[in-house]
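Please work through the exercises below with the sequence and the structure at hand, trying each task before reading its solution.

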Amino acid sequence: MRAMVLERPGEPLRLLEQPDPRPAEGEVRVRVAACGVCRTDLHVVDGELPNPKLPVVPGHEIVGVIDLLGPGVDALALGMRVGIPWLGYTCGRCRYCREERENLCEAPLFTGYTRDGGFATHAIADGRFVFHLPESGEDVGLAPLLCAGLIGWRSLRLAGDGRKIGLYGFGAAAHIIAQVARWQGRDVFAFTRAGDAAAQTFARKLGACWAGSSEETPPEPLDCAIIYAPVGALVPAALRAVRKGGRVVCAGIHMSDIPAFPYRLLWEERELLSVANLTRKDGAEFFAIARKAGIKTETVSYPLTRANEALADLRAGRLQGAAVVVP
Ligand SMILES: [Zn+2]
Ligand SMILES: [Zn+2]
């Protein structure tokens, strides 16, 4: 197999030829057809997340076909089209697993971080944590649903059912969730970097009723807001934009420090919370919704050997929609 490997955080990925991996008990091997590039991959590569497995193959938005079954895998078959998400394994025993909050498991493994991911021709996954995908839809278009879509969906659910919703950072996740929110009949307010006219036009094209810079006050108070950009200063900005009793959800795994802000921004029962990871139930729910809502992703493809370029473009904010690596 060929893989783009991170040997040390802060260094570019290196193309390596390795022996084809063999699935162990309960595992499957997937021939990767496409793998989305998520901001979390950047955090891993840039060393902003602690204790990655090293070396590691990043990538956790994997679409492919099962080409080898390990012993004891009954629920999946050779040739099945599957998706491999960020949540790669949970213990099944800790209090969070028992309380149906496996996203908070005490001993999890995460694809592309603490187990190898999909910037490769092949990937190994625990058979219990892959999603069976429909045969329709292009591989590249489906890949961003595996994290941007899934975590986006979880954050949308946690934001509550407020009608006027703000999305801060209009990248891969927001461009999917704006479509879901519109389909649910909500009004979407899109916040981008100051002066990013292209992103604002993109947001309006996807149904946002208003698009502006994250420093701006929206034309009316919001019921809720989701922050997708890894920028702590957006927390007080979003709290300022929501009404009394409004809710602000931080959807990223990493964020720069949140600046101090006056208590009155939180006062009047405004709520602030974060979203961590996903559960398999989120996946089942979201893929059904994505189908019903007719979600269309906007993607930019890169050959596997140019994964570093995809990461650089994401880091620089040069992308519209989602980057996808194709082996
Ligand atoms: Zn657990
Ligand atoms: Zn992700």
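The exercises that follow concern a predicted model, and they go from the whole chain to single residues.

**Exercise 1. The chain as a whole**

Task: Find how many helices and strands there are in the chain, and work out how its radius of gyration relates to the globule rule.

Solution: Begin with the secondary structure, where the chain is found to have nine helices and 17 strands. Next, take the radius of gyration, which is 19 Å, and set it beside the 20 Å that the globule rule gives for 327 residues; the two values are close, so the chain is as compact as a globular protein of that length. The extent of the C-alpha trace can then be added, since along the principal axes it spans about 55 × 40 × 35 Å. As a last step, look at how the chain is packed: 54% of the 327 residues count as buried, and of the contacts between residues at least 6 apart in sequence, 69% join residues at least 24 apart.

**Exercise 2. Surface and charge**

Task: Describe the accessible surface of the chain and state how many positive and negative side chains the chain has.

Solution: The accessible surface comes to about 14,200 Å², and 51% of that area belongs to carbon and sulfur atoms. Turning to the charges, we count 38 positive and 37 negative side chains, and the centres of these two sets lie 3 Å apart.

**Exercise 3. Helix H5**

Task: Decide whether helix H5 is largely enclosed or open, and name the elements against which its buried residues pack.

Solution: First locate the helix, which takes in residues 172-183 and reaches 18 Å from its first C-alpha to its last, close to the 16 Å expected for its 12 residues at 1.5 Å a residue. Then count the buried residues: 10 of the 12 are buried, so H5 is largely enclosed by the rest of the structure. Among these buried residues are His 175, Ile 176, Ile 177, Gln 179 and Val 180. The partners come next, and the buried residues of H5 pack against helices H4 (148-158), H6 (197-205) and H8 (280-293), as well as against strands S10 (164-168), S11 (187-192) and S17 (322-326). Finally, follow the chain just past the end of H5, where Gly 185 takes a positive phi of about 90 degrees.

**Exercise 4. A residue of helix H4**

Task: Determine whether Arg 154 is buried or exposed, and find which residues are in contact with it beyond its neighbours within four places in sequence.

Solution: Arg 154 has its place in helix H4. Its relative accessible area is 12%, and because buried means under 20%, Arg 154 is buried. With neighbours within four places in sequence left aside, Arg 154 is in contact with Asn 103, Val 275, Ala 276, Asn 277, Leu 278, Thr 279 and Asp 282.

**Exercise 5. Helix H7 and the strand S14**

Task: Show how far helix H7 is covered, and then describe the surroundings of Val 242.

Solution: Helix H7 consists of residues 234-241, and with seven of its eight residues buried it is mostly covered. The buried residues include Leu 234, Val 235, Pro 236 and Leu 239, and the buried residues of H7 pack against S10, S13 (222-227), S14 and S15 (271-274). Val 242 lies in one of these strands, S14, which covers residues 242-250. Val 242 counts as buried at 3% relative accessibility, and when residues up to four places away in sequence are not counted, it touches Leu 222, Cys 224, Ala 225, Arg 247, Val 248 and Arg 270.

**Exercise 6. Backbone angles in the loops**

Task: Find which peptide bond leading to Pro 55 is cis, and compare the exposure of Glu 268 with that of Glu 269.

Solution: The cis peptide bond runs from Leu 54 to Pro 55, with omega near -10 degrees, and Pro 55 lies in the loop between helix H1 (39-45) and strand S4 (62-69). Moving on to the loop between S14 and S15, we find Glu 268 there, with a positive phi of about 65 degrees although it is not a glycine. Glu 269 is found in the loop between S14 and S15 as well, and its phi is positive at about 60 degrees, although it is not a glycine either. As for exposure, Glu 268 has a relative accessible area of 31% and is partly exposed, whereas Glu 269, at 68%, is exposed.

Key: Residues are numbered from 1 along each chain as its sequence is written. Chains are lettered from A and ligands numbered from 1 in the order in which they are written. This is a predicted model: local features need pLDDT of at least 70, side-chain atom pairs count only at pLDDT 80 or more; totals for chains, interfaces and linings use all residues. Side-chain values use heavy atoms; hydrogens and water are left out. Helices (H or I, at least four residues) and strands (E, at least two) are DSSP runs, numbered from the N terminus. The radius of gyration is taken over C-alpha atoms; the globule rule is 2.2 Å times the number of residues to the power 0.38. Buried means under 20% relative accessible area, exposed over 50%, partly exposed in between (1.4 Å probe, protein chains only). Contact means heavy atoms within 4.5 Å. Accessible areas come from the Shrake-Rupley method with a 1.4 Å probe; for residues, only the protein chains shown count as cover. Lys and Arg count as positive and Asp and Glu as negative; His and the chain ends are not counted. The place of a charge is taken as NZ of Lys, CZ of Arg, CG of Asp or CD of Glu. The expected span of a helix is 1.5 Å times one less than its number of residues.
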